[in-house]
Amino acid sequence: MNLLTAKGIWKSYTDKELFMGVDLGIEDQDKIGIVGINGTGKSTLLRILAGVEEPDQGEVIKGNRVYVRYLPQNPMFPEGMTIYDYVVTKNRTEDNEWSIAGDSKAILNVMGFEDENARIDHLSGGQKKLVALASALMADCDLLLLDEPTNHLNSEMVLWLEQALIQRKGALLMVTHDRYFLDRVCGRIVEIDKGKLYQYQTNFAGFLEAKAAREDLELATYRKNKNILRSELEWMRRGARARSTKQKAHIQRYEELKEITKAPVQDQKVEVSTLSSRLGKKTLELVGLSKSYGGRQLIRDFGYVFRKRDRIGFVGPNGCGKTTLMKIIMGLEAPDQGEVTVGSTVKIGYFSQENEALDPRQKVIDYIRDTAEYVKTEDGTVSAAMMLERFLFDGALQHTFIEKLSGGEKRRLYLLKVLMEAPNILILDEPTNDLDIQTLAILEDYLERFPGILIMVSHDRYFLDKTADRLFAFEGEGSIRQYEGGYSDYLKIRQREEKGADVFGKPTKGSAEKTGKVKTVKKKFTWQEQRDYETIEAEIEEIEEAIAALEKQMEQAATDFVKLHQLTEEKEEKEALLEEKMERYLYLSDLADQIAAQNQG
């Protein structure tokens, strides 16, 4: 059943065309994700479909008795309204009159709301978004439109929402940057790219493959037409006898080819050259940190010495103290106990959850020039204007006032300023909020090459899996527990423990009492394993450097096919060796963690 159809939609803001005659149809039970870089019009499309905004041209046709519910990024609430009225009273119908109060209470409890009669005016921004989300989920609608529903949700809430939307009946159309969420919830992806809509009947992983295939096909068609045009051009230069009907047709064909043979416009990508300062031997040390608010213990006796190239993620529910800890490290808040010791060469870049106060009347280029006119990168000296170009701020946009930027563009601009300060320790507090997927992918690639220390607070599971190799989880009453690996590794350990098994998959003491005595074999390294464990990281680094050197040689030998073949074989041997070493490293690291936990326990 067709619920809603958009036909020939055109929309522009000032001189920027967002949509150029796009069409979109939504069927019953569709679960669609919208993707595209910041500023392409994702939120605008949702508002047009919701009837909140009008297109310049085209129309939106809604089926008879089709009810559409829209959740904006920043919902507004009537003054003085309570949580109960917004979630229950607003959504009460004859069909759900007897069940909605209980169902709403269950959802609000999951979200951490104990007092349904609390006024929404008194809630934090994140809590207000949760109330709006709860109300949208309780709505008995045919089509649910969600704009960034996972923003400000902790990881557990995102998992809960993921399951709720998978099981929910009715159609769904949403904008989100959460790639795991898109992959698991949506069976159809709509991409907004340079004013056009591309539709893919697949999840996010399938979309990535299909998009790459589409771009390859466009490029191949362009090259084919260019070759034909080249031969036609040669024919024209030799001189055409224009009187002949046959020759006139030939000339017409040449003119038509000239019109259609244009290079496909490639996606703009954020390019970030590595910017950092030298980091000395002494880095950053946290000693016995404790912090309480209003009688509630957020952090209790936490300590850690950061090592060079550490990639540390902090996770936990909203309000548990993650941002507070980052502010203590930055010196913006004082701990109740303990101290932060910072090395003399340390230069911290802090990308906070809330953008720093951006002057709306300042121009984009002036904001960046306030940090530096020129910066030194791995590619040489680069001007502020060139760095802005790499961050998708073209010449016209550079001279735009900040107030005219979208939320995502402001976030990207703020990120550029932090990186241009050339820090050797990066603290990123919820860096994925409001950044588009393409920008996130490039940022993740940059972070992999960043030579300093990374400290990240994030609820984005995909981001943590790609960037973190150790997590600290806030687990209540000020306790902060260390886990090795990314978010998926952390989640597996938590799931095992909840099912009555320890971190290694063995029954816990409580479950052993039910199933009988469990004999524990003490784990330890063999002599060879101990020797390998001490040297394997250096061996891996050496192999990676050898592969990088071979790749440079291959670029230089691009026309020497004999040499190129020899280098390719050598590179393949090194890559096979690297894979073998990585498997050994993972095994030894896991064994080392098990031994350490065993000795502590």
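Contact, as used throughout this tour, means heavy atoms within 4.5 Å; axes are lines fitted to C-alpha atoms, for helices over the stretch in contact, and angles run from 0 to 180 degrees between N-to-C directions. The model is predicted, so local features need pLDDT of at least 70 and side-chain atom pairs count only at pLDDT 80 or more, while totals for chains, interfaces and linings use all residues. Residues are numbered from 1 along each chain as its sequence is written, and side-chain values use heavy atoms, with hydrogens and water left out.

**The whole chain**

Begin with the protein chain in full, which has 19 helices and 20 strands; these are DSSP runs numbered from the N terminus, helices being H or I of at least four residues and strands E of at least two. Of its 601 residues, 45% are buried, where buried means under 20% relative accessible area, exposed over 50%, and partly exposed in between, with a 1.4 Å probe and protein chains only. Among contacts between residues at least 6 apart in sequence, 67% join residues at least 24 apart.

**The three-stranded sheet**

Select β1, β2 and β4 next: they form an open sheet of 3 strands in the order β2-β1-β4, with antiparallel pairing, two strands being paired if DSSP finds at least two bridges between them. The edge strands are β2 (16–27) and β4 (57–62), each of which pairs on one side only, and neighbouring strands of this sheet are turned by 10° against each other on average, direction ignored. Between β1 (residues 2–13) and β2 there are 9 bridges, and if you pick Lys11, its bridge partner in β2 is Phe19. Adding helix α1 (residues 42–50) to the selection shows it lying across β1, β2 and β4, at about 130° to β1.

**The six-stranded sheet**

Move on to the open sheet of 6 strands, whose order is β5-β6-β7-β3-β8-β9 and whose pairing is mixed. Its edges are β5 (68–71) and β9 (196–200), each with a single partner strand, so one side of each is left without a neighbour in the sheet. Here neighbouring strands are turned by 15° against each other on average, direction ignored. Strands β6 (residues 143–147) and β7 (residues 171–175) run parallel and are joined by 5 bridges, with Leu144 having Leu172 in β7 as its bridge partner.

**Helices α4 and α5**

Keep β5 and β6 in view and add α4, which lies across both strands and runs at about 165° to β5. Then select α5 (residues 155–167): its axis and that of α4 (residues 125–138) come within 12 Å and cross at roughly 15°. That makes α4 roughly parallel to α5, a label given to angles under 35 degrees, with those over 145 counting as roughly antiparallel, 65 to 115 as roughly perpendicular and the rest as oblique. Show side chains to see Leu130, Leu133 and Leu137 of α4 meeting Met157, Trp160, Leu161 and Leu165 of α5.

**Two buried residues**

Centre on Met326 in helix α9 (residues 322–330), a buried residue with a relative accessible area of 0%. Beyond its neighbours within four places in sequence, Met326 is in contact with Phe314, Tyr350, Ile427, Ile455 and Val457; Val457 is 131 residues away in sequence, yet the C-alpha to C-alpha separation is 8.5 Å.

Finish at Thr432, in the loop between β17 (425–429) and α14 (437–449), which counts as buried at 1% relative accessibility. Leaving aside neighbours within four places in sequence, the contacts of Thr432 are His177, Leu440, Ser458, Asp460 and Phe463.
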